[in-house]
Structures are given as structure tokens and as C-alpha cells.
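I sat down with this one to look up its side-chain contacts, one kind at a time. My notes follow in the order I took them.

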Amino acid sequence: MTLTVTLASRNLFHDRVRLIATVVGIVFSIVLVTVQLGVFVSFERMITTMIDHAQADLWIVPAETKSFEGSALLSGRERFRALSVAGVAEVSPVVVGYASWRKPDGGASIPVFLVGSPVGPAGLRPWNVIAGRADDLTMPDGVAVDRSYFAQLGIARLGATAEIGNQKARVVAVTQGIRSFTTMPQVFASLERGRAFLGVPAGRANYFTVRLAAGADAAAVRARLAAGLGDAEVLTPDEFRHRSRIFWLFDTGAGAALLGSAILGIIVGTIIVAQTLYSSTKDHLKEFATLRAMGSSCGYILKVILMQALLSALVGFAIAAAIGLAIVHATVDAALPVVMTPALTLGLFALTVAMCTIAAISAIRVVTRIDPATVFAQ
């Protein structure tokens, strides 16, 4: 094994230009895949962030709802029907929708996504609050926004005022890290202010979140709820997450585009590495023929080529990982940051090794055709 590594490393590092071309191909491919998959993971997480933070055991949603952001209005009768079902402890309305935010001092208007919910523990409250308090949303005109959207919203501090739908809004709480995958600012408000900002009639809501009593059978409660709700659906949080991900990632084509770019990066990287390994092997055919003439098996020479591919993968992945971490750090506060997880890192390493191994096939085919007699014909 030591001799195999020695031969592979000397073949790899002998021609520095070819080595650089190989490493550049690997780094380009892996960095591209890292960014695309990192954005995909970030996108996937942001899609369900509201569902993840809601204090809900079940969701009552309008029929055929595809995502949290797109929903019709429920009549309001669903809440009272749900409260009459045994096992239901609390039912909280949630209103969501797009509104117009007019910047202070007569500035331009921009669209925002507004979430209105009861301010109590059962509501969909803002989290990661770094200034003010979530409970302050009970104050007249109070709203909560994320610090990352200050520039877009034309504000600079807690207490700033603006208008939402021609109604005054005052920032009473500031969060950190609550970002939308659409890059549109998200604004939290109390249920009453949310209805006022969005023009939703009293009693109506887009969703009702259901909290179950201790010891209640979730499946049984869900069946009883579904039987008495007519056009509305009852979903578990996991089902609602799945619907939202499928809609935004695949029905809209956004996720498919990211995955397509990642696949393109893999193909380009594999081709570049395959070409350089093939060229390097052809340049060393005499040396490989000599090894065959000395009694080395074909399997041994294949190990040398595969080791050469593995060394290329290690060097390329080390550089690509460093660049990837720098990109992750640089995009921490971006509207759509690149996310790296341990599982994704391991997957990228395995992908790098697999890509280089597949690329070595072209070189292996050349070696298997070597005739040891060519050494004596020189």
C-alpha cells in the first residue's frame, strides 16, 4: 500500500500544470455543488420556519391549501366546532397575507408578508427577539420585524414608525434570523392588528392552530375534527411542512433549478478530472507497461490509478471545503444564506471521491489494454 501511494503521488505531482487543472476542476465542481445544495437546504428550512415555530399539534386549513403563504380564508365557524371536540384544549386563529409597507418620511412602498396571531403562548409569536418584547405586540399599532430587513423597510431602530395599508405601524420588537425564502420582509402583529392591516373581517382567519389536551389521542381527535369541518382540512405539522416544501421546491421549479445546477457542476467536474487522469495515464503508459513486464498484476496498476484519483479528491475537497466555509460565513446575514450541515459535508466528500473514481474509469480502460511486450519493442 505504501508503494501504491508513492507511485500515485509521484504520477499526480510530477506534472504540476496537469495537477492544477485537475484540482481546479474538482474545486469548481464541489464549490458549485456546495453553494447550490447549501442554498437548497436553506431554502427548505425557511419554507417551513413558521410551521416549525407554531405551537400547534394540528392545523385547520382551507381545502387544497398548498403552502403556508398561500391560503384562502376560513369562515371562523371551524374554531367553535373544533372547541367542541373532546381532546381539544385550545384553538388559535392565524391570519397571513401580503400587505404594502410605506417607508417613513413619505418613502416608497414595498410588499411585506404579514403574520397576525394571538400574542399569548398559543399564538405564532416572533422568536429570537433581540430588542423589545414579543408581548409588546399588544401595544397599539405594534409590529415586530427582523433586523436584516431594516434597510429594505427604511428603518434603523426599535420604535421606528411606518404605514401598513395606510395604517400606522410602530416597531415594538426586533428579531434576528427570521428571514423569508422569498427575500420579502416578514412582519408580525397581534391578531387584531393583523386583521386590520390585511382587511380580514373579525372572526375569520386563514388558519386555526389546535393544541390538544394532555393524553389526548391525536389521530382520534383529528378524525373527529375532519368529520365535522366540511370544506376545511386537518393537517399534522409534518403534513403541512411536506405540502409547503413540495409546492415551493418542485411545483414552482425553484428547487429543481438548484438541483439542476448542482448536477451540472458534478458533470463538468467529472469531465475535467476524467480528461486529466486519462491524459496523465497515457503519458505514463511506458511506466505502466514496465510494471506489467516486471510481473505487476493489472489489479495492482488499477489500485495505483484509483489511489491517484483519491489523492486528487482529497486535495480538491480540502480546498473546496475551505472556500465553502468562507462562503457560508460571508452569507450569514444574507437574505438567503448558504447553509452547511455535517451530513451535507460528509455527503460532499463522498461525492468528491465518487466523482474522481468515476473519472478514473477512462484511464483504467487504457491501462487494461497495455501489452507488456511494448517495453521490449522500444
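**Entry 1: aromatic pairs.** A reminder to myself before I start: this is a predicted model. I began with the rings and looked up Trp127 and Phe188, which are both buried. I went on to the full tally, and the structure holds eleven aromatic pairs. For Trp59 and Phe68 I noted ring centres 6.1 Å apart and planes at 90 degrees, so this pair is edge-to-face. Trp59 is buried, and Phe68 is buried too. Back to Trp127 and Phe188: they also make an edge-to-face pair, with 5.9 Å from centre to centre and 80 degrees between the planes. Where do the two partners of this pair sit in the chain? I found Trp127 in the loop between strand 3 and strand 4, and Phe188 in strand 8, 61 residues apart.

**Entry 2: a cluster, and charges over rings.** Which residues join Trp59 and Phe68 in one aromatic cluster? I wrote down Tyr98, Phe113, Tyr207 and Phe240. Next I checked for arginines over ring faces. Arg79 lies over the face of Phe80, at 5.9 Å from the ring centre. Arg193 does likewise with Phe197, at 4.8 Å from the ring centre.

**Entry 3: Arg193 again.** I stayed with Arg193, since it has a charged partner as well. Its side chain meets that of Asp141 in a salt bridge, at 3.6 Å from N to O. Asp141 lies in the loop between strand 4 and strand 5 and Arg193 in helix 6, so the pair ties together parts that are 52 residues apart in sequence. Buried or exposed? Arg193 has 19% relative accessibility, and under 20% counts as buried, so Arg193 is buried. Asp141 is partly exposed, at 22%.

**Entry 4: more salt bridges.** How many salt bridges does the structure hold? I have eight in my notes. In one of them, the side chains of Glu239 and Arg222 meet at 2.7 Å, N to O. This pair links helix 8, where Glu239 lies, with helix 7, where Arg222 lies, and the two are 17 residues apart. I have both down as partly exposed: Glu239 has a relative accessible area of 30%, and Arg222 has 25%.

Still in helix 8, I looked up Arg241 and Asp238, which form a salt bridge with their closest N and O atoms 2.6 Å apart. They are three residues apart, about one turn of the helix. Arg241 is buried at 16% relative accessibility, whereas Asp238 is exposed at 56%. Asp52 comes in here too: salt bridges with shared partners join Asp52, Asp238 and Arg241 into one network.

**Entry 5: Asn206.** I found Asn206 in the loop between helix 6 and strand 9. With 4% relative accessibility, Asn206 is buried. What does its side chain reach? It reaches the backbone nitrogen of Val96 at 2.8 Å. A polar atom of the Asn206 side chain also lies 3.3 Å from the backbone oxygen of Ala72.

**Entry 6: a nonpolar patch.** My last stop was the surface. Phe13, Val315, Ile319 and Ile323 form a nonpolar patch there, and together they have about 280 Å² of accessible area. Helix 11 supplies the largest share of the patch, three residues. Val315 is found in helix 11, and I have it as partly exposed, with a relative accessible area of 31%.

Notes: Residues are numbered from 1 along each chain as its sequence is written. This is a predicted model: local features need pLDDT of at least 70, side-chain atom pairs count only at pLDDT 80 or more; totals for chains, interfaces and linings use all residues. Side-chain values use heavy atoms; hydrogens and water are left out. Rings of Phe, Tyr and Trp (its six-membered ring) pair if their centres lie within 6.5 Å; planes under 30 degrees apart count as stacked, over 60 as edge-to-face and the rest as tilted. Buried means under 20% relative accessible area, exposed over 50%, partly exposed in between (1.4 Å probe, protein chains only). Helices (H or I, at least four residues) and strands (E, at least two) are DSSP runs, numbered from the N terminus. A charge sits over a ring if NZ of Lys or CZ of Arg is within 6 Å of the ring centre and within 35 degrees of the ring normal. Patches are made of residues with over 30% relative accessible area and no salt bridge: like charges are joined within 9 Å, nonpolar side chains (Val, Leu, Ile, Met, Phe, Trp, Tyr) within 5 Å. Accessible areas come from the Shrake-Rupley method with a 1.4 Å probe; for residues, only the protein chains shown count as cover. A salt bridge is a side-chain nitrogen of Lys or Arg within 4 Å of a carboxyl oxygen of Asp or Glu. A polar contact is a pair of N or O atoms within 3.5 Å; within protein, one must be able to donate a hydrogen and the other to accept it, and residues adjacent in sequence count only if both atoms are side-chain atoms.
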